[in-house]
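User: I am new to reading structures, and I would like to know where the descriptive words come from. Could we go through them one by one?
Analyst: Happily! Here is the structure to look at while we talk.

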Protein chains: 2
Amino acid sequence: MSQDSPTYSPLYRQIKGLMLQALEAGEWRPGQVIPSEQELAARFNVSQGTVRKAIDEMAADNLLVRKQGKGTFVASHNDPRALFRFLRLVPLDGEISHPESVPLECWRARAGQEASRMLGIKPGDPIIIVRRLLKFAQKPVVIDEIYLPGEIFQGLTLEVLQGWQGSIYSLFETRFGLRMIRAQESIRAVAADRGTAEVLRVPEGKPLLSVERVTYTYGDKPVEWRRGLYLTDEHFYLNELS
Amino acid sequence: MSQDSPTYSPLYRQIKGLMLQALEAGEWRPGQVIPSEQELAARFNVSQGTVRKAIDEMAADNLLVRKQGKGTFVASHNDPRALFRFLRLVPLDGEISHPESVPLECWRARAGQEASRMLGIKPGDPIIIVRRLLKFAQKPVVIDEIYLPGEIFQGLTLEVLQGWQGSIYSLFETRFGLRMIRAQESIRAVAADRGTAEVLRVPEGKPLLSVERVTYTYGDKPVEWRRGLYLTDEHFYLNELS
DNA sequence: AAGTGGTCTAGACCACTGC
DNA sequence: CAGTGGTCTAGACCACTTC
């Protein structure tokens, strides 16, 4: 969000802070309605307009979703509209096809230097590593390697991943109560190594997009680090600059 | 009763429309102050709050910049803060260095199929093509090929480009009265061809980022199409997903 | 009809800038 | 100090959803 002067924070920002606490504490859960603006105004002893402004910012942050006539809801990755919020890969020909996620492996390990730095944990802390393939129209397009803090994702196994219908963040949210709210991607071009080339069925040395992502949950806490290799023969990474 | 028209638009949106017209017409120019909220409210015969909401949206769209105590200004590419709004390339080591733009060529041509489609002009219409190099810390990192509608950019020459200190969009704005407000990038991984490899001083076949960009001015009119090839050995393309 | 968010207004006051 | 944008309030009314 924008930056606060250290000495002054308007009322609606403080209300926003209280509402963020309610979200973090799990008082309001993804997909559910939060209390009406009137109720919140009464609860926090401010006017409805002030609550509105707090909600406005949180909606702009993709934390809440307003629905006229129905109420204000906690944003959820189970919402189909959220599917392509983090996946920016688009087919060249414009044909919209939903990707199929194929989990390949899932194993336990200990965090090395890089993983610990990215995930904000100590080197040697337990982590879980997932390898999975993303297919568009039967064709393998992305191979992902996903690093997760073991402490948070206890009970995550290949079977759990394979049994889940829906996006991986939808699984994280439903099964581990963890909502991803923000991510940062670093993109480079690399040459396919032998293993990757085999899985994606391309020649070794083929140029691929390397997309490294760190994903954050409430309180800007990093909870996922992943590296994806994207085959961009029939798809491209779409980015809106505004 | 009657079918609700999909054309309902609240008052503040209509005000926004009027203000957009003022921007397009050049009544308010980049970098300048626009009238105060009070004056605008009087001019449009609405309350200050309604003007505020229109300005809020335009500020969120990066069309205006609010400065407390001073006024509201038309956003400008001459503002140093706008420099990295469209260039997402960041050094690996975090060292912030300003890129140096080196124009290589600038020639006239006629739009082919692709260029005409991207620029919203007719095939055969005059276009201008610019090739330029972007250097970070003396090292060539990006080679750009930029396609511009000839009608708008009359008088653009290599000398003009070479004589300009500052970003290319800042030149477009100052010299051609054209403000870029939005862009869309399509990113892929490709292998360097011989010519590119020489300019970037890398081996032929080297994986590079191919970044195709269409840039829009007021009224969502496309006015630039460019393709950049990025060397990502010591830099990466940074993208915030939120 | 009742409840929700969305708009519009009017007025008071606060924080920041520049003279 | 006056002028700007920024906040906060209270109330009226509109548009949409549900019963």
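User: What makes the pair formed by Thr50(B) and a phosphate oxygen of DNA strand C a polar contact?
Analyst: In this predicted model, a polar side-chain atom of Thr50(B) lies 2.3 Å from a phosphate oxygen of DNA strand C. A polar contact is a pair of N or O atoms within 3.5 Å, so this pair qualifies. Arg52(A) offers another case: an N or O atom in its side chain is 3.1 Å from a phosphate oxygen of DNA strand C. Gly69(A) uses a backbone N or O atom instead, 3.1 Å from a base nitrogen of DNA strand C.

User: Which elements give two or more residues to the surface near DNA strand C?
Analyst: Chain A supplies strand S1 (64-67) and strand S2 (71-74), while chain B supplies helix H1 (11-24) and helix H3 (48-60).

User: How do you know which residues count as near DNA strand C, and which come nearest?
Analyst: A residue counts if one of its heavy atoms lies within 4 Å of the strand. There are 20 such residues, and Arg66(A), Leu11(B), Tyr12(B), Thr50(B) and Lys53(B) come nearest. On the DNA side, sugar and phosphate account for 82% of the atoms that come within 4 Å of the protein. The residues of this surface divide into 5 nonpolar, 9 polar and 6 charged.

User: Why are chains A and B said to be related as by a two-fold rotation axis?
Analyst: A rotation of 180° with 0.0 Å of shift along its axis superposes chain A on chain B, with an RMSD of 0.2 Å. The two copies are therefore related as by a two-fold rotation axis.

User: How do you know that the copies meet through the same surface?
Analyst: Take the interface residues of chain A: 100% of them are also interface residues in chain B, so the surface is the same.

User: What makes strand S3 (89-91) of chain A and strand S4 (100-110) of chain B edge strands?
Analyst: The 8 strands form an open, antiparallel sheet in the order S3(A)-S10(A)-S7(B)-S8(B)-S9(B)-S6(B)-S5(B)-S4(B). S3(A) and S4(B) each pair on one side only, and that is what earns them the name. Neighbouring strands of this sheet are turned by 25° against each other on average, direction ignored.

User: How do you know that strands S5 and S6 of chain B pair?
Analyst: Pairing needs at least two bridges, and S5 (residues 126-136) and S6 (residues 139-149) of chain B have 10, in the antiparallel sense, so they pair. Arg131(B) stands opposite Glu145(B) in S6(B).

Terms used:
Residues are numbered from 1 along each chain as its sequence is written. Chains are lettered from A and ligands numbered from 1 in the order in which they are written. This is a predicted model: local features need pLDDT of at least 70, side-chain atom pairs count only at pLDDT 80 or more; totals for chains, interfaces and linings use all residues. Side-chain values use heavy atoms; hydrogens and water are left out. Copies are superposed by least squares on the C-alpha atoms of residues with pLDDT of at least 70 in both. Contact means heavy atoms within 4.5 Å. A polar contact is a pair of N or O atoms within 3.5 Å; within protein, one must be able to donate a hydrogen and the other to accept it, and residues adjacent in sequence count only if both atoms are side-chain atoms. Helices (H or I, at least four residues) and strands (E, at least two) are DSSP runs, numbered from the N terminus. Ala, Val, Leu, Ile, Met, Phe, Trp, Tyr, Cys and Pro count as nonpolar, Asp, Glu, Lys and Arg as charged, and the others, Gly among them, as polar. Axes are lines fitted to C-alpha atoms, for helices over the stretch in contact, and angles run from 0 to 180 degrees between N-to-C directions.
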